[in-house]
Amino acid sequence: SPVEVKKICCIGAGYVGGPTCAVIALKCPHIQVTIVDLNQSRIDAWNSEDFSLPIYEPGLDDVVKACRGRNLFFSTDVNKGIQEADLIFVSVNTPTKKNGVGAGYAADLNYIELATRQIAAVATSSKIVVEKSTVPCRTAESMRTILEANSKPNCRFDILSNPEFLAEGTAIDDLFNPDRVLIGSLQTPEGISACASLTAVYANWVAKERILNVGLWSSELTKLAANAMLAQRISSINALSAICEATGANIDEVAHAVGYDSRVGPKFLKASVGFGGSCFQKDILNLVYLSESLHLPEVAAYWRQVVEMNEYQKNRFSKRVVDTLFNTITGKRIAVLGFAFKADTGDTRESAAITLIKNFLNETAYVNVYDPKVPHEQIWQDLQEAIPNKPLETIQKQVTLSASAMDACLNAEAVVIATEWKEFKEIDWQTVYDSMKKPAFVFDGRLLVDADALRKIGFKVTSIGRGG
Ligand code: NAD
Ligand code: UGA
């Protein structure tokens, strides 16, 4: 009969491991959950007395407050975490490879391999090992080979794939009410039994019909497929936004009417300055690499185009700003509102704002940046990485980090909305207008503000997916 899970260890205390396992601890008070990480400062932040957690996620602090010290623990003692657990989530980062074979496309599986080897080296009893990270199809096979080649007598390792579908900014809601929980296993008696053990954990709060059990390879591929298809919707709507701008059609009207078809559905059709985030681009490139390795170049080209369209959208928007400002922004001051890749997160990985600011700096403009959640050091670090050929001091002469949206806008020649933070809707636009050089421009990359109301004040407004 399936093992009853009493102790869980999660390797990786990041955006996925932290919230996911904190919610398991909340919903399963009878299970002891320990989240381990090599990064001491991250663990210190998870353990901080004032709950200044290492990631910003609405509702996360309440979950951690309810269970930290009860059945939820954060630690850098990875070995102890592994030894005590019946079930181990591997939730480490899997970034795009920077060097070697597949550089720029393939996933860097080094962190997965190191974590797997550590499990094999220190485990003294049988474990269910769960891939939580997003990985290329058949990674579980490599993990099994490593575990079996290094295991001690009486140590069995069963491997499951359990990809995570939460979105940042809504992670806690997504974890409380997931559309589905996907668990992949080998279709052997042992695999099916391990799958039943993990299913029983989720069944504490997720309806049975939403827990899908499939084969290992289907589970791994489903994660890449889901992200590719979500990103493809955004690239499709953004491609249409370019047609709207050229014809006078309105992308919000088009998306609304198309989404009314129940086969298409209304969600995830918001035109934007381009998608960001740590995963869409990485996972599609991973799928492109997989397709190429399987000698399927047409399939690779199809998915690659989703990423290319996104690059085009970011650069097209920057160019529209320059074109509208009479073909030059040299020496002009531009306010960029928002630096995170979406609202309700402090995460900046692959944020479209980075590309925009880089383009504006290349045109030798001055830029004021404001984001309600992103720490200033993070903004400097991201800009330095995006513009490696310029010393940080030079970048800092061109960029000012503002303390509020109002501060950023005052005296600017143009305001660019890069992230859909709600507070940008509530800006006192009349005061902003009065302070700006005329004509005063607003570029709405998120279809966030009421363009007509701003035009009444006197602004020249340019929105994604609208002509004029
Ligand atoms: P992250 O970088 O925030 O967290 C990963 C953590 O793992 C880091 O803190 C790192 O120090 C730690 N780590 C790496 N190797 C380790 C080791 N050997 N031992 C202990 N700790 C180790 O990454 P993330 O955003 O949480 O993403 C993790 C995985 O989940 C990725 O594969 C990603 O594709 C996937 N994913 C992410 C999201 C998301 O919204 N961020 C959603 C779904 C899936
Ligand atoms: C995405 C997926 O939605 C999650 O299901 C998945 O688990 C996760 O990737 C992952 O694997 O990391 P996330 O990147 O956190 O989640 O956030 P999304 O809400 O998907 O937004 C991604 C980007 O697309 C953001 O820049 C967002 O502004 C943009 N977007 C989203 C649009 O431009 N238009 C839309 O209609 C929706």
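This passage describes two sheets, the surroundings of two ligands and some details of the backbone in a predicted model.

The strands of the model are considered before the ligands. Eight strands make up an open sheet, in which the order is β3-β2-β1-β4-β5-β6-β7-β8 and the pairing is mixed. At the edges of this sheet lie β3, which covers residues 72-75, and β8, which covers residues 211-215, and each of these two strands has a pairing partner on one side only. From one strand to the next, the twist in this sheet averages 25 degrees. Within the sheet, strand β2, formed by residues 32-36, runs parallel to β3 and is joined to β3 by four bridges. The register of this part of the sheet can be followed at Val33, which stands opposite Leu72 in β3.

Another open sheet is formed by six strands in the order β11-β10-β9-β12-β13-β14, and here the pairing is parallel. Its edge strands are β11, at residues 399-401, and β14, at residues 460-463, each of which pairs on one side only. Neighbouring strands of this six-stranded sheet are turned against each other by 20 degrees on average, when direction is ignored. Strand β10, which spans residues 366-370, pairs with β11 in the parallel sense, and three bridges are found between these two strands. In this pair of strands, Asn368 stands opposite Thr400 of β11.

A part of the chain also carries an annotation from a record. The unreviewed UniProt entry places the feature "domain: UDP-glucose/GDP-mannose dehydrogenase C-terminal" at residues 335-451. Over this stretch of the model, 36% of the chain is helix and 16% is strand, while the C-alpha atoms at the two ends of the stretch are 17 Å apart.

The surroundings of ligand 1 are described next. There are 25 residues around ligand 1, and those that come nearest are Asp37, Arg42, Thr94, Glu168 and Lys282. When the residues of this shell are sorted by class, nine are nonpolar, nine are polar and seven are charged. Oxygen atoms of the ligand take part in contacts with both backbone and side-chain atoms of the protein. On the backbone side, an N or O atom of Tyr15 lies 3.0 Å from an oxygen atom of ligand 1, and a backbone N or O atom of Val16 lies 2.9 Å from an oxygen atom of ligand 1. On the side-chain side, an N or O atom of Thr94 is 2.6 Å from an oxygen atom of the ligand. Taken alone, ligand 1 exposes 830 Å², of which the protein buries 91%.

Ligand 2 is surrounded by 21 residues, and the closest of these are Phe165, Leu166, Ser272, Cys279 and Arg446. The shell of ligand 2 consists of eleven nonpolar, three polar and seven charged residues. Helix α9, which covers residues 216-247, supplies the largest share of this shell, namely four residues. With regard to individual contacts, a backbone N or O atom of Leu166 lies 2.7 Å from an oxygen atom of ligand 2. Two side chains can be added to this description: an N or O atom in the side chain of Lys223 is 2.8 Å from an oxygen atom of ligand 2, and an N or O atom in the side chain of Ser272 is 2.6 Å from an oxygen atom of ligand 2. On its own, ligand 2 has 700 Å² of accessible area, and the protein covers 90% of that area.

Two details of the backbone, both in loops, complete the description. The peptide bond that joins Lys438 and Pro439 is cis, with an omega of about -5 degrees. Pro439 is located in the loop between helix α17, at residues 429-435, and strand β13, at residues 441-444. The other detail concerns Asn327, a residue other than glycine, whose phi is positive, near 65 degrees. Asn327 is placed in the loop that lies between helix α12, formed by residues 297-324, and strand β9, formed by residues 333-337.

Note on methods: Residues are numbered from 1 along each chain as its sequence is written. Chains are lettered from A and ligands numbered from 1 in the order in which they are written. This is a predicted model: local features need pLDDT of at least 70, side-chain atom pairs count only at pLDDT 80 or more; totals for chains, interfaces and linings use all residues. Side-chain values use heavy atoms; hydrogens and water are left out. UniProt positions are given in the numbering used here, feature names are shortened, and annotations may be inferred rather than shown by experiment. A residue is near a molecule or strand if one of its heavy atoms lies within 4 Å of it. A polar contact is a pair of N or O atoms within 3.5 Å; within protein, one must be able to donate a hydrogen and the other to accept it, and residues adjacent in sequence count only if both atoms are side-chain atoms. Accessible areas come from the Shrake-Rupley method with a 1.4 Å probe; for residues, only the protein chains shown count as cover. Ala, Val, Leu, Ile, Met, Phe, Trp, Tyr, Cys and Pro count as nonpolar, Asp, Glu, Lys and Arg as charged, and the others, Gly among them, as polar. Two strands pair if DSSP finds at least two bridges between them. Axes are lines fitted to C-alpha atoms, for helices over the stretch in contact, and angles run from 0 to 180 degrees between N-to-C directions.
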